[in-house]
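The exercises below are meant to be worked through with the sequence and the model open side by side. Each one sets a task and then gives a solution that proceeds step by step.

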Amino acid sequence: MPRDLRQGAEVFWQSFGHGERPAIAIHCTLGSSNLWAGALGPLAGEISAVAFDQPGHGQSAPWRGDAAEPGAFQTQVTRIAASFIERPVDLIGHSFGASVALRIAVGAPEAVRSLTLIEPVLFAALPETDPDWQDLRAKQDHFQQLMEAGDYEPAARGFMRDWGTGQPWDSYSEAHRERFIASMPMVENISRANFEDPARIARPDGIEQIDAPAMIIHGDRSPPTMPKVAEAIAARLPDVGVACVEGAGHMLPATHPEHCARLIAANLERS
């Protein structure tokens, strides 16, 4: 499987499917391209999808960006994803990867044939007066306080508790826990961008310009902000469906891949 130098980073990527439609799938924070196997496998005859490991994830090289630069990681991942686009694609993203997919679609709507966003974490799409946004902002403030104090382990524990599959922290191998802890400066750069939106993804008249069929998917056991983010983004898209998967939390592609596959397929049929 290939490893390329893209946007200054050594990036591992793999393909799913052999269909005629090109697609790009962008994974979540602390995930990898392997998470897409179950959701994209059933679509093998229809799409040829590229899924890459973001810097500091999976088999790609460590991230060497500036964690103090607002949105640095999001910008690099956006540029890496865009480097795989040669003609209009079916763009699929999960969590942070969905924010990247949305950034691409806002910046170059002509490059997107269909857009599937699974649990997008663009919290900047919500008004700051929303009570659930305020609760989540308080958690983010606590996370940033831990980071400023150098308390990376409790920061990692909290992140995996709120945004992981529900697997207990102590059940991870020591190597996995160490990797999560070491990744926290990168995670902080990502999470700040989700709130502060330095790339102005949620700017007025940006999302509204996306004319590709869109599907936004969330779970009914996800953090309470997630359905609100989904609806806030959907309200600004001209051609969109919103689907809630019963019994699913934030890590839908890993825990409910068959549901994701069916919903992605339904969106493909619309373009």
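## Exercise 1: S95 and its surroundings

S95 has a relative accessible area of 7% and is therefore buried. The structure is a predicted model, and the task is to place S95 in a loop and to list the residues that S95 touches beyond four places in sequence.

*Solution.*

Step 1. The loop that holds S95 runs between β5 (89–94) and α3.

Step 2. Once residues up to four places away in sequence are set aside, S95 touches C28, I118, E119, P120, V121 and H250.

Step 3. Two of these partners can be followed further, beginning with C28, which is buried at a relative accessible area of 2%. E119, for its part, lies in the loop between β6 and α4, and its relative accessibility of 0% makes it count as buried.

## Exercise 2: Cysteines and disulfides

Determine how many disulfides the structure holds, and explain why the sulfur of C244 is not bonded to the closest cysteine sulfur.

*Solution.*

Step 1. The structure holds zero disulfides. C28 is accordingly in no disulfide, and the nearest cysteine sulfur, which belongs to C260, is 11 Å away.

Step 2. For C244 the closest cysteine sulfur is also in C260, at 12 Å, which is too far for a bond, because a disulfide requires the two sulfur atoms to be within 2.5 Å.

Step 3. The surroundings of the two cysteines can be read from their accessibility: C28 is buried, with a relative accessible area of 2%, whereas C244 is partly exposed, with 46%.

## Exercise 3: Positive phi values

Find the phi values of L30 and E119, and state whether L30 is buried or exposed.

*Solution.*

Step 1. As background, most residues other than glycine have a negative phi.

Step 2. In L30, phi is near 65 degrees, a positive value in a residue other than glycine. L30 is found in the loop between β3 (21–26) and α1 (37–40), and with a relative accessible area of 10% it is buried.

Step 3. In E119, phi is near 50 degrees, again a positive value in a residue other than glycine. This residue belongs to the loop between β6 and α4.

Step 4. The loop between β6 and α4 also contains D130, which is buried, with a relative accessible area of 13%. The side chain of D130 reaches the backbone nitrogen of D132 at 2.9 Å.

## Exercise 4: Two buried helix residues

For F180 and V77, identify the contacts made beyond four places in sequence.

*Solution.*

Step 1. F180 lies in helix α6 (residues 174–182) and is buried, with a relative accessible area of 4%. Apart from neighbours within four places in sequence, F180 is in contact with L30, A156, M160, W169 and Y172.

Step 2. The C-alpha atom of F180 is 9.0 Å from that of Y152, although the two residues are 28 residues apart along the chain.

Step 3. V77 lies in helix α2 and is buried at a relative accessible area of 0%. Its partners, not counting residues up to four places away in sequence, are I26, F52, Q54, P55, F96 and V100; of the pair V77 and Q54, the C-alpha atoms are 6.5 Å apart, while the residues are 23 apart in sequence.

## Exercise 5: Helix packing

Establish how α2 and α7 are oriented to each other, and why α8 is largely enclosed by the rest of the structure.

*Solution.*

Step 1. Helix α2 (residues 72–83) packs against helix α7 (residues 184–196) at an angle of about 85 degrees, their axes being 7 Å apart. The two helices are therefore roughly perpendicular to each other.

Step 2. In this contact A72, F73 and Q74 of α2 meet M186, N189, I190 and A193 of α7. The contact residues divide into five nonpolar, two polar and no charged.

Step 3. In helix α8 (residues 225–234), seven of the ten residues are buried, so the helix is largely enclosed by the rest of the structure. These buried residues are T225, M226, V229, A230, A232, I233 and A234.

Step 4. The elements against which the buried residues of α8 pack are α3 (96–107), β6 (112–118), α4 (131–148), α5 (152–163), β7 (214–219) and β8 (240–245).

Terms used
Residues are numbered from 1 along each chain as its sequence is written. This is a predicted model: local features need pLDDT of at least 70, side-chain atom pairs count only at pLDDT 80 or more; totals for chains, interfaces and linings use all residues. Side-chain values use heavy atoms; hydrogens and water are left out. Buried means under 20% relative accessible area, exposed over 50%, partly exposed in between (1.4 Å probe, protein chains only). Helices (H or I, at least four residues) and strands (E, at least two) are DSSP runs, numbered from the N terminus. Contact means heavy atoms within 4.5 Å. A polar contact is a pair of N or O atoms within 3.5 Å; within protein, one must be able to donate a hydrogen and the other to accept it, and residues adjacent in sequence count only if both atoms are side-chain atoms. Axes are lines fitted to C-alpha atoms, for helices over the stretch in contact, and angles run from 0 to 180 degrees between N-to-C directions. Angles under 35 degrees count as roughly parallel, over 145 as roughly antiparallel, 65 to 115 as roughly perpendicular and the rest as oblique. Ala, Val, Leu, Ile, Met, Phe, Trp, Tyr, Cys and Pro count as nonpolar, Asp, Glu, Lys and Arg as charged, and the others, Gly among them, as polar.
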